[in-house]
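Good morning, colleagues. I should like to take you through one chain of a model and the contact it makes with its partner.

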Amino acid sequence: MQLYLPIADIPVNVFLILAMGAAVGFVSGMFGIGGGFLMTPLLIFVGIAPAVAVASVASHIAASSFSGAISYWRRRAIDPLLALVLLTGGTLGTALGVWTFTLLRSLGQLDLMIATSYVILLTTVGALMFWEGLRALLRARRGGPVTTRRPGSHVWIHGLPLKMRFKRSKIYLSVIPVVVIGLIIGFIGAVMGIGGGFILVPLLIYVLRVPTSTVIGTSMVLTLVTMVFATMLHAVTNHLVDAVLALILMVGGVTGAQFGARAGQKIRGEHLRLLLGLLVLAVGVRFAVELVIRPEDLFTIRETGVTE
Amino acid sequence: MTLRLILMLGWLALGLALAASPARAERLIVSVSNHRVTVTPNYSGEELVLFGSVEKDANTSANRTYDLVVTVAGPRADMVTRRKERRFGIWINTDSRQFLGVPTYLALFSNRPFDAIASPEVQRRQQLGLNNVLLTQRVGPDYADVVPDDAFRSAFVRLRKQHGLYREETSAVTFLTPTLFRTGIPLPAEVPIGLYNVEIKLFADGALVAKTDTAFEIVKVGFEQFVATTAQQHGFVYGLITAFMALMTGWMASIVFRKD
């Protein structure tokens, strides 16, 4: 069934988009991530303009992280105070990100910027995850200790001032690194159309030592708020949010996520991380290839304004 | 810019006055089949028909043969054409050219090749053919059209042609009788909405003898268009609704798939 997307300005097959939403939802449910880093590239490969893809995926991630956040809230697996401090940085980062997005778009370099940031971020993060997963797997096979938790030595981050007690997470920590992390995630989320969960969770675990009991729920709250904020800003400044596209993605995504979560419980943690690393790496490489091969047409046209 | 425009209009008025000065021997009467085209979501293109006849008065010779050129121009917009080049091993947009107030849809139809209708000089003055149509570019601080084989101009025309939005057909106008003519105006699925001007020029012996114009309007209707206009005009409300929709979907999912 063909449907015309009003903002993306192209006709698409509803079932294709629905299936994409479900597939990405499955993956996101399985790994406990938002899945934006898969959704945005998929939409771009289908032929939707990168700018529209980034702006519309923001609302899709908002939907999936909201349903996740609700269930984590019921299980009291969210640290409200930590989420709030992360958000002060997150909203600022999002605003900065949308502003950068608008600027790059007017310079005609947005598509390039989106592609290169995908290459850099995804190949690095993907390689790191893959490597970490592989090591954990080998360690487990050799029968060594499976713990991923590092010894509790004090890093410089823990010596920073403005300390605060986060009761539910049972940590005592400076707010500076928390705000900075929120800022970074908010920024790249708005520019690249990703929730940033797959970067945020490792950062919270390894840098801030947030316990695993609250880490995913709290990161989902940050994702939810920054993505709602990003949707609003993209809609107001660039008019690029395609609500019809977003709705199809959401419906597919939230459904797929449920089955993904069930599948994820059957797979061992190390295997999961290895798989996720591979997936992230593959998307990064795909973008790199796109940049290097000669495009079919060297010229592009874009409308910049209507003259009366 | 304003001064330039006034000057241009002045020249245009003078040109019109000169063209009108010899006693009008022929008159054109035209009509399009539909003055208001509505585009629905499942619209896949349509063709309008333009009909017309050449009215002669007593002192024109009966066996004079005519040529006809029809120019259809859609709403005007500013557009940027960008060129990718290989830099540091990757393909990036390097150079760009801005086209100012160019038609979003442009079709030129005639009954035979433009070269057979008029001299190159007349072709250029009357903007016959895509190569002669004025496409204003911003060249540094200046505004000008460039030679037809300019890389950016030809790429621009080629890309617009690929989408069926620019077209040139030198056999599209048919004379049913020596004075009665018709032509189809194809409107592809992605036609921009707005007012379309149709200019009909009559040539005899390589010179313009009469011209007239008419217009039609393209409006999009339906849910998709409503969404697009809302997004453009009420960004804040649109954003709120989209965000609310996202939250509702997430909330619904958490209820439907609740495990406990």
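Chain B has six helices and 14 strands; these are DSSP runs numbered from the N terminus, H or I of at least four residues for helices and E of at least two for strands. This is a predicted model, in which local features need pLDDT of at least 70 and side-chain atom pairs count only at pLDDT 80 or more, while totals for chains, interfaces and linings use all residues. Residues are numbered from 1 along each chain as its sequence is written, and chains are lettered from A and ligands numbered from 1 in the order in which they are written.

Let me turn to confidence. The model scores ipTM 0.77 and pTM 0.70. For chain B the average pLDDT, the predictor's confidence in each residue from 0 to 100, is 82, and 88% of the residues score at least 70. Residues 17-22 of chain B fall below 50, and this stretch has one contact in the model beyond near neighbours in sequence. Two residues are in contact if their C-beta atoms, placed from the backbone, lie within 7 Å. Where pLDDT is low, the predicted coordinates should not be read in detail.

Now, the interface. How many residues does each chain bring to the contact? Chain B gives 41 residues and chain A gives 43 residues. On the side of chain B that touches chain A, strand S5 (76-87), strand S6 (90-103), helix H4 (151-162), helix H5 (223-233) and helix H6 (235-256) each supply at least two residues. H6(B) provides the largest share, 14 residues.
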